[in-house]
Amino acid sequence: MDNTRTPAAQQYKKAHPDVRMRIVTIPPDAGYVPTKVSLANRTKSGWPDVVFLTNPAEAATLASDRFGYAAPLDGLVPNSVRDGFAPGSLDTCTFGGRTYCLRNDIAPTVLWYDAKLMKSYGYQVPSTWAEYQQTGLKAAKDHPGTIVGAINGKYGAGTYFGSSGCPTRDTLSLTKVHIDLTQSNCTRVADLLQPMAEAKAVTTVVPTDPAFAKLGKENKILMLPGPAWFGDFMFGPAFKIPKGRISAAPMPTWPGETKSYAGQVGGGAFLVSAHAGDRTKEAVDLVRWMTTNVNLQAEQPTYPAYTAAAQKWGEAKSKDAYYASDPMPALTAAANALRPGFGAVRFEADWQASFNDTVGKAADSGGDLEKALTSWQDKLDAAARTSDYTVGR
């Protein structure tokens, strides 16, 4: 478990004194769990019966034939339980029709905005991406330095391209992935961002960078499409935006669509080891309890993947005085509108880096974003093949 999940595991241990458990707290570093499992594979011993992934994309690595670690849960966790998770949230855990993990939390994207700035500038919260673009360009012109979005790595790719349904990582199985950046649901993202990148209405600065925090302190963040966890962990603690100003709205709708779809940036997952043997039943019970216990999940810091727990979790969020208005309607809508096709892939790090090397660089230099998609496609194809995928378009 990571630090955040360890206390909950200790609660389970206390409530189940007949179950022998050893709880090991691990760092959230990318690649840590696969490295440990790889070591166990070499020595043929020492596999943990349960692991928590802060990066659920690693499920694709641990379920692969090369690692053979993750146990399929379809026959171990009833459909009635799996159906209780937010629609599409277990897609990240599913390869070739088999489910290899249960999601602890999810990170659907919403349109965060500064209600105070929007009101003082006389702007309306956009409901379409065309309105979003228009507002962003006007804000950049009338209030220089103001930004309405961030397009760096997973924040840009997961938010904009993910919500649009661009197949940058559509997993068909553990060995096949669909990548096709020539589709209109990819090029429309480039068309959206091109003029805003030129006007500096969107930034390529990473939201976790101190330079981004400076934008918050200087009242330059008008809007920021981003994951659910930005509400609690970024706007106040990192960006230093005072309480009573931040609100959430559903993601804008794309041209030709009437439904608002959310992208994804984050979340965690639990896996059960295929080596658990006669401890499998207890391992599955622990994972099920950690992810579906409503009272436990209601106290967790991030949006629960289990729907009943999310409703309970949202009761406190609705009353949180930090927000200018109740963020739960937008968060709940987003959790129920995850855009399909955003899978867990073994080339997660390359997916982020290649975005920055192509689309990100074009945005920084005033280049053609649609042309940059061709370069991104080439890098994604190469990364996928290096990770033992067959790539289809």
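Start with the surface switched on: the protein exposes about 16600 Å², and carbon and sulfur atoms supply 50% of it (areas come from the Shrake-Rupley method with a 1.4 Å probe, and for residues only the protein chains shown count as cover). Before going further, note that this is a predicted model, in which local features need pLDDT of at least 70 and side-chain atom pairs count only at pLDDT 80 or more, while totals for chains, interfaces and linings use all residues. Residues are numbered from 1 along each chain as its sequence is written, and side-chain values use heavy atoms, with hydrogens and water left out.

Now show the C-alpha trace. Along the principal axes, the C-alpha atoms fill a box of roughly 65 × 45 × 35 Å. The radius of gyration is 21 Å, which agrees with the value near 21 Å for a compact globule of 393 residues (taken over C-alpha atoms; the globule rule is 2.2 Å times the number of residues to the power 0.38).

Switch to cartoon and you get 16 helices and 12 strands (DSSP runs numbered from the N terminus: H or I of at least four residues for helices, E of at least two for strands). Of the 393 residues, 56% count as buried (under 20% relative accessible area, with exposed over 50% and partly exposed in between, using a 1.4 Å probe and protein chains only).

Next, select 153-164. That's helix α7, with 12 residues and a reach of 16 Å from first C-alpha to last, close to the 16 Å expected (1.5 Å times one less than its number of residues). In α7, 11 of the 12 residues are buried, so the helix is largely enclosed by the rest of the structure; among them are Tyr155, Tyr160 and Phe161. Step on to Gly165, which follows α7 and has a positive phi, near 85°.

Keep Tyr160 lit and add Tyr132, Phe347 and Trp376: these have the most contacts inside the largest nonpolar core, which has 130 residues (buried Ala, Val, Leu, Ile, Met, Phe, Trp, Tyr and Cys joined through side-chain atoms within 4.5 Å). Zoom in on Trp376, and its contacts (heavy atoms within 4.5 Å) include Ala157, Phe161, Trp351 and Phe355.

Last stop: the open three-strand sheet, ordered β6-β7-β12 with mixed pairing (two strands pair if DSSP finds at least two bridges between them). β6 (170-171) and β12 (390-392) are the edges, each with a single partner strand, so one side of each lacks a neighbour in the sheet. Select β7 (176-178): this strand and β12 pair in the parallel sense over three bridges. One pair to pick out is Lys176 with its bridge partner in β12, Thr390.

Key: Lists of a residue's contacts leave out its neighbours within four places in sequence.
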